[in-house]
Amino acid sequence: MKPTASQSSVRQVAFRSGLTFKQAGVTLMAALLLGLLVGALQLFVDWRAMRDETAGNMRRLLALVEGSAAEAAYQLNPELGRQLVRGLFVFDAIRDVRLSDDFGMILAQQRRSGDPGVGAERWAWLFEGVTRYRLPLYYRVPGGSTTRVGELQVELSPEVLSERFLRRITREAVFGLARSLFISALVVAIFYFMITRPLLRLARGISEVDPERPGRWSPPDLRTHADDELGLLSEHLKVLLHSSQRGLDQRDEAQRALTALNQQLEQRVIGRTAELERALGDLERQKAEIEGAFSELDRTHQCLAQANHRLLESHQYARRIQTSMLPDPAVLGDAVREIHVHWEPLHQVGGDWYWIERCGDRCLILLADCTGHGVPGAFITLVVAAVLERLLRDDRLAEPGAILQALDRDVRRRLRQQDPNSESDDGLDAAILLWDVGRRRLRFASAGGIPLLMLEPGEPVGVIRGSRGHLGYQSLSAPDRIVEHEIQVRPGATYYLMTDGITDQMGGAPRRLLGRRRVAEWLDSHAELSLEAQASGLCRMLAEYRGSEARRDDMTLIGVRPL
């Protein structure tokens, strides 16, 4: 079968509409635009570099001739001054040099004559800021004293500097334009031989396809493009035409099979209808079984709700008991200007516990973070409270370090954790702040992870960390020595104790721990607020930081502002 006239001819594409012309224009515009941008940046960099180079050269030149100029001014020697001036005029950029003594009398002066080019004079403003230099001259007279003996003034020619600069940028502009034209021509040639010409061959091959027999089409020879996108396009086109041929062959057979398929579908519909009727009967029986299961589930939910209600009542009662054991911060009275405690267990009760008391001019503040949270943590706080009561009342311990060491010993004994076979392995981290009102001194000691944060007027946030080790545990070692720190209290200072439930909060973007540093920065930025307002604001900040993350531990913050 002969191809038709429409198949045997390929529509010719005008040169200005072809890919080669478009590629040439786009490449040239991109190269020119990139060249302009790079050239403007290079122009600015060269200008800055030339200004810096000029200023640096002049500073070195003035430093080189400073001694000779000072000698000429001190001796009032015009001949030596003129020799110095003539030596400076070796540099063609220097327009005027003047050497004067300390009384204003000019010892030597010379000015370069000559008309600069019109273009250089128009661009002279580029170097106006680096053309004038004044060097005071000092001379060390016999006896060791130094006196001013005159001044050296040097003026550069901005026209000469701008002329040098214009010659440089003109040369770079010519090279840049030639480079852009060469790159454009090279890209266009590569694009034509690698893409445009093979596309034209493929287009001529497509025009020869017989619509009645598309499967007989043979693709053009694209040997050099067998492994690239053009070769892939030719292969896909061949597969498409062969698939079209198979579709034409299968069309008639599909029409014959359609009638038989309709008859089969009618029989299947009749059979499926009967199956659906049987399935509906089964669903009715399953519905009755499910309703019975839901009734049983409702009874189970009611039992769980009653058990949960009793458990919540028990926890609320335990919270009242634990809260009643906590002291009122007001017991410090007039010993402090302000004190505030924020105590917030993770559950109804928790493992954070504090104690505050005053004995004359001595005020004691203790903060403890016991093992775990919830009911187990609350039980440990009862043990710590009982031990501390005996240490303060019976043993009359008053030193922070001694109190913490005794706490470690007695908690181990109370929980029988000195026995290696004991199942219990609980303990605490604790910190003590002792405020001596008369001496205006604080004594601080800590074991574990409870630090002391200090905000003093005009000073960065200070942090005193506790001694390494933990108290009461069977598996964790106690501190070898608990260090006591003594602090002279400055007016307006604020001190904070906090458990790790405040700093170890997960949130933010990206997701990470809040950390002690962010908490300290927040407290420092809100130092003008009252302690109660600081605690409320800090809780809001923590909630915003967590977002959808849940809290993970009890939180306690004690802030105190001594008198």
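Two strands count as paired here if DSSP finds at least two bridges between them. That criterion is easily met around strand E7 in this predicted model, where nine bridges join E7 to strand E8 (residues 428-436). The two strands run antiparallel, and one of the contacts puts Leu367 across from its bridge partner in E8, Ala431.

E7 also pairs with strand E6 (residues 352-359), again in the antiparallel sense, this time over eight bridges. Here Trp355 sits opposite Leu366 of E7. The hairpin of E6 and E7 has two residues between the strands, and Gly360 takes a positive phi near 70° in it. As for exposure, E7 (residues 362-370) is mostly covered, with eight of its nine residues buried.

Elsewhere in the chain, five strands make up an open sheet in the order E5-E16-E13-E10-E11, with antiparallel pairing. Strands E5 (336-344) and E11 (462-464) stand at the edges with a single partner strand each, so one side of each has no neighbour in the sheet. On average, and with direction ignored, neighbouring strands are turned by 15° against each other. Further in, strand E13 (residues 494-498) runs antiparallel to strand E16 (residues 555-562), and four bridges join the pair. Tyr495 stands opposite Val560 of E16.

Two helices pack on this sheet. Helix H10 (residues 516-525) touches strand E10 (452-455), E11 and E13, and its direction makes about 30° with that of E10. Helix H11 (residues 531-546) touches E5, E13 and E16, and its direction makes about 30° with that of E5.

What do the buried residues of H10 pack against? The residues in question are buried Val519, Ala520, Trp522 and Leu523. Viewed down the axis of H10, the buried residues fall within an arc of 160°, so they line one face of the helix. Their packing partners are E10, E13, helix H9 (500-503) and H11. H11, then, turns up twice: it packs on the sheet, and the buried residues of H10 pack against it.

Away from the strands, there is a stretch with an annotation of its own. The unreviewed UniProt entry gives residues 273-300 as a "coiled-coil region". In the model, the chain over residues 273-300 is 100% helix and 0% strand. The C-alpha atoms at the ends of this stretch are 40 Å apart.

Conventions
Residues are numbered from 1 along each chain as its sequence is written. This is a predicted model: local features need pLDDT of at least 70, side-chain atom pairs count only at pLDDT 80 or more; totals for chains, interfaces and linings use all residues. Side-chain values use heavy atoms; hydrogens and water are left out. Buried means under 20% relative accessible area, exposed over 50%, partly exposed in between (1.4 Å probe, protein chains only). Axes are lines fitted to C-alpha atoms, for helices over the stretch in contact, and angles run from 0 to 180 degrees between N-to-C directions. Contact means heavy atoms within 4.5 Å. UniProt positions are given in the numbering used here, feature names are shortened, and annotations may be inferred rather than shown by experiment. The arc is that of the directions from the helix axis to the C-beta atoms.
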